[in-house]
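Colleague: I am new to this model. Please give me a close look at one part of it.

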Amino acid sequence: MSSTTHPPGVTVIADRPRGRAVREALIARRRNGHPLGAEHLALEQIKTVDIPEKIYFERASGAVITDAAGHDYIDLIMGFGAHLLGHRPPAVEAAVRKQLGNGWHFGLSNTLQGEHARRIAGLGLGEQTKILYCGSGSEATLYACRVARGFTGRTRIGIFDGSYHGSHDYALVRADTAGSSPERSASTIFGAGVPETIRSDTMRALPFRDERAFDLIRRDANDLAAVLVQPVQNNLPRMDSGWFLEGLRAVCNETGVLLIFDEVVTGLRIGHRGAQGHFGVAPDLTCYGKAIGGGLPVGALAGRPAIMDLFPKSHAEGGVFSSGTFNANPLTMAAGLATLDVVESTKDTLYAELERKADRLAARVNRFAEQRQIAVRMMNAGSMLHLGFEKALANNAWDRRAPTPEQTDDFFLHMLAQGVLMPASRMTLISAAHSDAQIETVGDAIVRTLDAMREDGLV
Ligand SMILES: Cc1ncc(COP(=O)(O)O)c(C=O)c1O
């Protein structure tokens, strides 16, 4: 396929010398590789990049993922955060193998689930904490919205610009940062298929890291069941939001609005007690997912009995419905427990090491961008990193500059060609399995990529 014939709807890597060369090298490599014959790269996060064959991944170990043609990549996606310890950590693999001999799906309460819940509650949530298991982070945030509405009798859920809470309809209502202002915080719907009434009647956009949010909550409190916040956002990993979370806690106490933390990514990642442990702010409800399942599908909602006891109640008693065939399946629970064991026994060094590696990578990229006068900044909150195509440190989504599709595609392909897999969103996650040498290689790849993009006039 020549660089001028692309399938409809597919954006094209910059047709400039360095970009073209790397794309052609990848195309040549794919043709010598696995003959899957599809038309463009179909990996979820890179589906718009035009390249003649799909990349399928076949196996992974530690920090490395290998595609069907045998190419190794340093993985910075890490199962979108599920692999805190890397791919196939020996203790987790052993636990999964052992559980396979006892069965992997019962659909009934099981002993591992009880133990897992006890351990999650033990992460500083308090002994009385009750936990509802579900299949994904999206379900956890959905149940959080539902039980908050059931508990308070109010309808709207406040959400913040720049956040991500999953794929259900409520989570697809976003702050309209292009057509509104933080004071007004109008909302919009991400993608087709979500009824307009979900946006207009059931949600409320609020400005993140902006004290005007507190007054908006006070103003709308009568109709607000809860505010749902990521204490550290995936694409804005900043650790200096304690003041904002404390402010939310105070205004929620004042108004009876529930405070929900989405710790689907930050749980077990920003320290073993998650972001709430780090910031010392206790929400009413916590959504978990990803790492607590040790790399297997999971979601969980934790909260105090007064709220959580609505779940087991019957419809007639005003109960809140929940159900899911694979909830708390023993295989996930076994993998999660093994992960919790490793975290518990290594936490004194695990988080310091993750932070040291991530800090070093971000500092190197930022130093390079500064020296070369390139408008790029890498932020990080421990092992959560994000690379933005902007110079100034963004406070929230209102002052961010969206990269062009050319920048995203070009960056992604240059990294891929150097054996580093980083999602197009450039949300980057480091695991315990990433060595110093691998982090160095990632740094080299970013620096070379930015240099190539600079030569092509893209940064
Ligand atoms: C902060 C946050 N919340 C919720 C979700 C949804 O989780 P899942 O993809 O497991 O449904 C994600 C997924 O990336 C997430 O990052």
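Where is the place of Leu-268?

Modeller: Leu-268 sits in the loop between strand E10 (258-262) and helix H8 (274-279). Helices (H or I, at least four residues) and strands (E, at least two) are DSSP runs, numbered from the N terminus. This is a predicted model, where local features need pLDDT of at least 70, side-chain atom pairs need 80 or more, and totals for chains, interfaces and linings use all residues. Residues are numbered from 1 along each chain as its sequence is written.

Start with the backbone of Leu-268. Its phi is near 65°, a positive value in a residue other than glycine. Leu-268 is also buried, because 27 other C-beta atoms lie within 10 Å (buried is 20 or more, exposed 12 or fewer, partly exposed in between; C-beta atoms are placed from the backbone).

Now move along to Ala-328. This residue lies in the loop between helix H9 (305-308) and H10. Ala-328 is not a glycine, yet it has a positive phi of about 55°. It counts as buried, with 26 C-beta neighbours inside 10 Å.

Next comes H10 itself, residues 330-372. A straight helix of its 43 residues would span 63 Å at 1.5 Å a residue (times one less than the number of residues). H10 spans only 52 Å between its end C-alpha atoms. Look for the kink. It is about 90° and is centred on Thr-346 (the angle between axes fitted to the seven residues ending there and the seven starting there).

Further along H10 is Ala-363. Ala-363 is partly exposed, because it has 13 other C-beta atoms within 10 Å. Its C-alpha atom is 24 Å from that of Gly-62, 301 residues apart along the chain. Just after H10, Gln-373 takes a positive phi of about 60°.

H10 also meets helix H12 (residues 436-455). Their axes come within 10 Å and cross at roughly 20°. So H10 is roughly parallel to H12 (under 35 degrees; over 145 is roughly antiparallel, 65 to 115 roughly perpendicular, the rest oblique). Among the contact residues of H10 are Leu-361, Val-365 and Phe-368 (contact is C-beta atoms within 7 Å). On H12 they include Ile-439, Val-442, Ile-446 and Leu-450.

H12 has another partner, helix H11 (residues 405-417). H11 and H12 pack at about 135°, with their axes 9 Å apart. That angle makes H11 oblique to H12. Here Asp-410, Phe-411, His-414 and Met-415 in H11 meet Ala-445, Thr-449, Ala-452 and Met-453 in H12.

Terms used
Axes are lines fitted to C-alpha atoms, for helices over the stretch in contact, and angles run from 0 to 180 degrees between N-to-C directions. Two residues are in contact if their C-beta atoms, placed from the backbone, lie within 7 Å.
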